[in-house]
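Me: I'm new to this one and I'd like a close look at a single part, rather than a tour of everything. Please pick a part, tell me how far to trust it, and then show me how the rest connects to it.

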Amino acid sequence: MRLYKKQDMRPGLLVVRGKHADAQVYTVKGLPEGNAIYLVWFEGLRKCGQWTDYSGCFKPTVEQIEYSINANGRLAGIMDVAEVTFKAA
């Protein structure tokens, strides 16, 4: 597994916080603030998030991605973490 560095962190990046096969896959919301990044994930239909230290974030394996989708229904994508608003015409 590849350990990510601070310069790798960007919005939409998928990460895991452990090497075990049933590790939760998270999506990075934004650029690091100091040593912290904000991670987003889904638990069923509920979107969750938390701040964490960026160290210890790994590139997820296919097995970890499949586990998270099967356990939670979906992964958080870039549109789930984007700070975008639309104005009706």
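Reply: Let's start with trust: pLDDT is the predictor's confidence in each residue, on a scale from 0 to 100. You need that here because this is a predicted model. The chain has a mean pLDDT of 89, and 96% of its residues reach 70 or more. By element, confidence is highest in strand E1 (residues 14-16), at 96, and lowest in helix H2 (residues 78-81), at a mean of 84.

The part I'd pick is the hairpin made by strands E3 and E4. E3 covers residues 36-43, E4 covers residues 46-53, and the two run antiparallel, joined by 8 bridges. To see one of those links, look for Ala36, whose bridge partner in E4 is Asp53. Now follow the chain round the turn: 2 residues sit between the strands, and Gly44 in that turn has a positive phi of about 70 degrees.

Next, the side chains. In a regular strand they alternate between the two faces of the sheet. What we can follow here is who meets whom, and the aromatic residues are a good way in.

How many aromatic pairs does a search of the whole structure find? It finds 2. One of them is Tyr26 with Trp41: the ring centres are 5.1 Å apart and the planes stand at 85 degrees, so this pair is edge-to-face. Tyr26 lies in strand E2 (residues 25-28) and Trp41 in strand E3, so the pair ties together parts that are 15 residues apart in sequence. Are these two rings buried or exposed? Tyr26 counts as buried, since its relative accessibility is 14% and the cut-off is under 20%. Trp41 is buried too, with a relative accessible area of 10%.

The other pair belongs to the hairpin itself. Tyr38 and Trp51 also meet edge-to-face, at 5.3 Å centre to centre with 70 degrees between the planes. Tyr38 lies in E3 and Trp51 in E4, so this pair ties together parts that are 13 residues apart in sequence. Here the surroundings read differently on the accessibility scale: Tyr38 counts as partly exposed at 24%, and Trp51 is also partly exposed, at 47%.

Stay on E3 and go along to Phe42. Arg74 lies over the face of its ring, at 4.1 Å from the ring centre. Phe42 also gives you a way across to helix H1 (residues 62-72), where Ala71 is found. Ala71 and Phe42 are 29 residues apart in sequence, yet their C-alpha atoms are 9.6 Å apart in space. Ala71 itself is partly exposed, with a relative accessible area of 45%.

While we're over at H1, have a look at Gln64, which also sits in that helix. Gln64 is buried, with a relative accessible area of 1%. What do the polar atoms of its side chain meet? One contact is with the backbone oxygen of Gly18, at 3.3 Å. Another is with the backbone nitrogen of Thr61, at 2.9 Å.

Now back to the hairpin for Cys48, a residue within the span of E4 (residues 46-53). You may wonder how many disulfides there are; a search of the whole structure finds 0. The cysteine sulfur nearest to that of Cys48 belongs to Cys57, and it is 17 Å away. A disulfide needs the two sulfur atoms within 2.5 Å, so Cys48 and Cys57 do not form one. As for their surroundings, Cys48 is buried at 10% relative accessible area, and Cys57 counts as buried at 0%.

One last stop, towards the start of the chain. Asp8 lies in the segment before E1. At 18% relative accessibility, Asp8 counts as buried. A polar atom of the Asp8 side chain lies 2.7 Å from the backbone nitrogen of Lys5.

So if you keep one picture in mind, make it the hairpin of E3 and E4: Trp41 in E3 pairs with Tyr26 in E2, and Tyr38 in E3 pairs with Trp51 in E4.

Definitions and conventions:
Residues numbered from 1 in each chain as written. Predicted model: local features only at pLDDT ≥ 70, side-chain atom pairs only at ≥ 80, totals over all residues. Heavy atoms only, no water. Pairing = 2+ DSSP bridges. Helix = DSSP H or I, 4+ residues; strand = E, 2+ residues; numbered from the N terminus. Phe/Tyr/Trp six-rings, centres within 6.5 Å; stacked < 30°, edge-to-face > 60°. Buried < 20%, exposed > 50% of the residue type's maximum accessible area, 1.4 Å probe, protein only. Lys NZ or Arg CZ within 6 Å of the ring centre and 35° of its normal. Polar contact = N/O pair within 3.5 Å; in protein donor to acceptor, adjacent residues only side chain to side chain.
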